[in-house]
Amino acid sequence: MVAAFAVHVADEMIHDFLPFYNSLVISLRARWGFFPMPTFSFDIWLGGLIAAVIIGFLIAPIVRRGRSFIRKITMVLGFIMIANALAHLLGSLFYGYLLPGFWSSPILLPAAIFVVWRGFTGDWQKKHTSTE
């Protein structure tokens, strides 16, 4: 899922996701008076996403051990990535044009679903025994 997320970050950056996102947040705040999502400068946004990808790759060996606490955190992140991918895909249908991040969402969605599924089954590291 981390590799799929890295591809998604690159897709969003290449296709100017941040201006779309910031303008959407500002318009929702104007319409509703309050909207809990922040706006970002490019440096903060990209730096945070790059840091998240690096941390994801660094903790992958810990996640692979499949301890219950880590599995639960990873499943939450998986659900967030499912929502993220669906937002890009369904948002593209809603707005009638391809949103930035659309192209990588079909990669991110199954990766996130797989992570959530593995979390529910507890099947992080298959142990194969040989009958030879």
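1. How much area does the protein chain expose, and what share of it do carbon and sulfur atoms supply? The protein chain exposes about 8,700 Å², of which carbon and sulfur atoms supply 72%, with accessible areas taken from the Shrake-Rupley method with a 1.4 Å probe and, for residues, only the protein chains shown counting as cover.

2. On the basis of the values: this is a predicted model, in which local features need pLDDT of at least 70 and side-chain atom pairs count only at pLDDT 80 or more, while totals for chains, interfaces and linings use all residues. Residues are numbered from 1 along each chain as its sequence is written, and side-chain values use heavy atoms, with hydrogens and water left out.

3. The protein chain has five helices and zero strands, in the order α-α-α-α-α along the sequence; helices (H or I, at least four residues) and strands (E, at least two) are DSSP runs, numbered from the N terminus. The C-alpha trace spans about 65 × 30 × 30 Å along its principal axes.

4. Of the 132 residues in the protein chain, 36% are buried, where buried means under 20% relative accessible area, exposed over 50%, and partly exposed in between (1.4 Å probe, protein chains only). Among contacts (heavy atoms within 4.5 Å) between residues at least 6 apart in sequence, 67% join residues at least 24 apart.

5. Aspartate 16 sits in the loop between α1 (2-14) and α2 (17-32), and its phi is near 55°, a positive value in a residue other than glycine. Aspartate 16 is exposed, its relative accessible area being 52%.
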